[in-house]
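This report looks at how two chains are built and where they meet. Please keep the sequence and the structure at hand while reading.

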Amino acid sequence: MKRNTGKDATIKAFVKTDPRQLKTVLVTDCGSTTTKALLFERKEDRWHQTFRGEAPTTVEEPVADVTVGARNAFVEVQELSGRQILNAGGDKPFEITAASASTGIDLYLSTSSAGGGLQMLVAGVVSSITTESAERAALGAGAIVMESISADDGRQDFERIERIRHVKPDIVLMTGGVDGGSTSHVVEMAETLVAASPRPRFGDTLKLPVIYAGNSEASAEVQEILSKMAQVVVVENVRPELERENLGPAREAIHDFFLSHVMSHSPGYGKLMSWSPVRIMPTPAAVGDIVQAYAQKTKQSVLCVDIGGATTDVFSVFPDREGEPVFNRTVSANLGMSYSIANVLVEAGAANIKRWLPFEVSDAELSDRLRNKMIRPTSIPQALDDLWLEQAVCREALRLSLAHHCSLAVGIAKKQERGIADVFRQSSSRYELVDLMKLDMVIGSGGVLSHAPSRMQAALMMVEGFGLQGVTQLSVDSVFMMPHLGVFASVSPEAAYEVFEHDCLVHVGCAVVPVFPAKISKAESLAEVHLDGKLLGRISQGQVSTLSTAHSGQGLLRVVPLHGSVDVGAGPGQVTERTVRLGECGILCDGRNRPVAPALLSPAQQLAVFEALGLTGGAA
Amino acid sequence: MGSLFSPGLAVSSRHTVQKRRELPIKGEILVRQGERVTGDTVVARAELEGELRIVRVAESLGVSPEEVHKALRVSIGQQVEAGQTLAEIQGLWGLFRSSVSAPTAGTVEFVSASTGHLGLRAAPKLLTLSAYISGTVFAVEDQRAVVIESEATFVQGIFGVGGEKTGRLKLLDVSPDAAVTEADLPREAQGLVLVGGRSPTPQALAEASKRGAVGFVTGSISGETLRQYLGYDIGIALTGDEAVPMTVIVTEGFGDIAMGERVLATLRAVDGEPASINGATQVRAGAQRPEVIAPASNARAGAEARTREDGAGLRVGARVRIIRVPHFGSAGTVSGMPHNLVKIGTGAWARVLEVTLVNGAVITVPRANVELVE
């Protein structure tokens, strides 16, 4: 598989435990607010995720030591499991050798996004070429890109300098130019960086970590210029040629700096790192790894979203034009369900949120309700209409974050595919990798999806928010264990995959969404749906319904278009067949076409959809 | 579980407030431990490195970067005045001379043969740091920070915009549940921190600012009024840097919610006294809420000394306020704490509380949806 992020090849050097000997593994994810500890145990049949403990993360004052929260989470796991995990003395907090079946653990691992995660600034020469490659390298390494600066971004020097000063990055990734190309622009960018002299977020006595991954012929001069204000590491160019990306070395350097400059200066992380022979991974990087592993193993195209309180991460694996799967990750830093919920309103607009609601609400009330959630982020919806409002916001956050993802998840055309016009434009031919019609599986993660009161609500949020098309398997992460499994996979990919497949993924159903020309008249049937050779029903134009909700296992789905122009994934008029897993939601059929026409999105229409799917009952 | 933590905001008429005042870089501390200071006292200063200006010499002269050194009239390390010639070339037979002059005074830091640029470093800037609150210097960290301590009336709001300000508190003559209009404002508001009511109109905020008020503390505000006041929408609760002349603090939330009785009573006790306020709000980890601080020397003797935070344990008998629809803004007393999870109106299972409202009605509310008021 091609990785737009590169493979973490050095990690094995840190593993001192033979994965074949492992029986009990404890993994934490130290998040911004909560530290989640999961226990994984090998039973007779397979690996299982057995116990879970949570405690508030203690990176901030007054505790300012991440290990305190981690120990508290260990205590909860110990109490629930009855396993003696904690060790009263010694450097490590736990019994490391499993002397008896109920004592100790074999290995401790961790991921971290505490303190706002890894925050980076990227700089390049051409925004659609080198800067974009740098963004992909940073995002794939699990970073949040706070700012992108390019020589062609249309800003004046002083504007760039102001923006650079405004952000306090943990690490800067600088690139620019293909190998052997002109050096002047990239040297200019280095001068701009020196003029701005951004200060690192942590450790104000440290020099700012800067990774240079640009034109190799400029590296000596860039290093000389930047060394006045930064600790510079030079790695291979992220874009050695116009038609080729090389993101692995930059990603490696980011992970090294993450440990040496970010983690080691965060309160308590030195101690935490000493507890594990495997290096701590940024949480999104770990999630990305397990998504890639799953896509590779099942040979599927996968779209995974993690919608949090402040940010929304999107991960995807889609084939490029050569048929080789490509992994991408993006993070929409200010689209979330609590801290930044009002920003979804600002970016999407009230009308776009209201179109998903089955009731009328004024713009003023909508605005005030969402801002009250923003300032009291831990509160939860108590009334059904309040829940629907949050779920409407979720649909828009999904829509916006997918649009952002599509803009960055691109393939690069090879030389023979590039036209003469591209050569003169000095830009590479980019093409979008994400094709919803070809998407096999969606994985939803984050409280609003994983803990929705009904799985059907989660399914509908993903179908409507992403605007799914064709046949797509729908699933959610049961208790947000993907980060844990990502870092576990770095030691034992087989064990992590087993747990991911059996304990993490909840297959909630399958969506069937025909796409057709507008001329098909209302109430006409669009397609027939068969399961294991039996006709289940028809999908009607403009209607949403579910079929086969009693079936919870696996079956062969066959969707037969009833018009030559209706496409359900195999092309207009073509039959689509696929083995699917049916969960609580069965087969969710959406006959509203894509994009859904505004006339089909009134409160009355949306209420009819909710009623058809049994979503209006609440606590009744 | 008998009690649990529930978020609350400090409302206290006698609170030991400590404020750390930290320089962004090493500098000079100007006060000693134990020294009395006022909010305006400069307690520390530092020299910030001057800005580096990039002068595009090659482009301006129309020469290649390698030729720039021949045109230079200054050398690296040299101090230059604004307008001084940095480089010049002469055209054919000495005619059509063209030159580049310094855009600002400074020191020549580099000349690049790759780009033909000259880096000019401006003189350092002096940064001063005030005490922000009146009190005593509690601690000094050499070259870095001071901590100011004060016994004070201390009230935290839920959300604010605008940074640190000092002014005299002035209670408005309005009911706590009345929307504040222009007619409710004092004729002279220069240097005042206006307090009271709820949901000020956009005109009231604009007029208060125009009359010179430095702060406006009120029960609630609508999102639309805030947008009109700032000129843009706020989407993230990360504030304090807004370029507004008057800091605005709301104590309860967005919409039409009356200012809480305890908040009003606490601020009424220091009406007319000097205060320090800050609208900065950060809801994420490392949470920061907006604040009103009036030093104790100004507080009335014998005032009650309780805080919302004192009752961090949520228990039967605790007074709470509900922070989510359908009972948003209602106050009551915890009358039951069922141990088991309960299915709530959304269909979700949650830990709940039974709350007896002021009107005697008993309602069930998720524990996540209350905050302590005492």
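How many residues does the contact take from chain A and from chain B? In this predicted model, the contact takes 43 residues from chain A and 41 residues from chain B. On the side of chain A that touches chain B, the helices α4, α9 (341–348), α11 (363–375) and α12 (384–408) each supply at least two residues, and α11(A) gives the most, with eight residues. Sorted by class, that side of chain A has 19 nonpolar, 14 polar and 10 charged residues.

**The two chains as wholes**

The table sets out the overall values for each chain.

| Chain | Residues and radius of gyration | Globule rule | Box along the principal axes | Buried residues |
|---|---|---|---|---|
| A | 620 residues, 25 Å | 25 Å | roughly 70 × 70 × 50 Å | 57% |
| B | 374 residues, 28 Å | 21 Å | roughly 100 × 55 × 45 Å | 43% |

Chain A has 18 helices and 25 strands; its radius of gyration of 25 Å is close to the 25 Å that the globule rule gives for 620 residues, so chain A is as compact as a globular protein of that length. Chain B has five helices and 27 strands, and its radius of gyration of 28 Å is well over the 21 Å given by the globule rule for 374 residues, so chain B is more spread out than a compact globule.

Among contacts with a separation of 6 or more, residues 24 or more positions apart account for 71% in chain A, and in chain B such residues account for 64% of the contacts with a separation of 6 or more.

**A parallel sheet and its helices in chain A**

Five strands of chain A form an open sheet in the order β7-β6-β8-β9-β10, and the pairing is parallel. The edge strands, each of which pairs on one side only, are β7 (143–150) and β10 (230–234) of chain A. Taken on average and with direction ignored, neighbouring strands of this sheet are turned by 25° against each other.

At one of these edges, strand β9 (residues 208–212) of chain A is joined to β10(A) by five bridges, and the two strands run parallel; A:Tyr212 has A:Val234 as its bridge partner in β10(A). Towards the other edge strand, helix α3 (residues 157–166) of chain A lies across β6 (118–124) and β7 of chain A, and runs at about 165° to β7(A).

How do two further helices of chain A, α4 and α5, lie to each other, and what is the angle at which their axes cross? The axes of helix α4 (residues 184–196) of chain A and helix α5 (residues 219–226) of chain A come within 9 Å and cross at roughly 10°, which means that α4(A) is roughly parallel to α5(A). From α4(A) the contact is made by A:Val186, A:Val187, A:Ala190, A:Glu191, A:Leu193 and A:Val194, and from α5(A) by A:Glu221, A:Val222, A:Ile225 and A:Leu226. By class, the residues of this contact of α4(A) with α5(A) divide into eight nonpolar, no polar and two charged. Helix α4 of chain A is also one of the helices that supply at least two residues to the side touching chain B.

**Buried positions elsewhere in chain A**

Helix α16 (residues 482–489) of chain A is mostly covered, with eight of its eight residues buried; these are A:Met482, A:Pro483, A:His484, A:Leu485, A:Gly486, A:Val487, A:Phe488 and A:Ala489.

A:Gly288 is found in helix α8 (residues 283–298) of chain A. Is A:Gly288 buried or exposed? A:Gly288 counts as buried because 30 other C-beta atoms lie within 10 Å. The C-alpha atoms of A:Gly288 and A:Cys589, which are 301 residues apart along the chain, are separated by 30 Å.

**A buried strand in chain B**

Strand β16 (residues 192–195) of chain B is joined on the one hand to strand β15 (residues 165–171) of chain B by four bridges, and on the other to strand β17 (residues 215–221) of chain B by three bridges; β16(B) runs parallel to β15(B) and parallel to β17(B). B:Val195 takes part in both pairings, since B:Leu171 stands opposite B:Val195 in β16(B), while B:Val195 stands opposite B:Val217 in β17(B).

In a regular strand the side chains alternate between the two faces of the sheet. In β16(B), B:Leu192 and B:Leu194 point one way and B:Val193 and B:Val195 the other way, and all are buried.

Definitions and conventions: Residues numbered from 1 in each chain as written. Chains lettered and ligands numbered in written order. Predicted model: local features only at pLDDT ≥ 70, side-chain atom pairs only at ≥ 80, totals over all residues. Axes fitted to C-alpha atoms, helices over the stretch in contact; angles between N-to-C directions. Parallel < 35°, antiparallel > 145°, perpendicular 65-115°, else oblique. Contact = placed C-beta atoms within 7 Å. Nonpolar A, V, L, I, M, F, W, Y, C, P; charged D, E, K, R; others polar. Rg over C-alpha atoms; globule rule 2.2 N^0.38 Å. Buried ≥ 20, exposed ≤ 12 C-beta atoms within 10 Å, placed from the backbone. Pairing = 2+ DSSP bridges.
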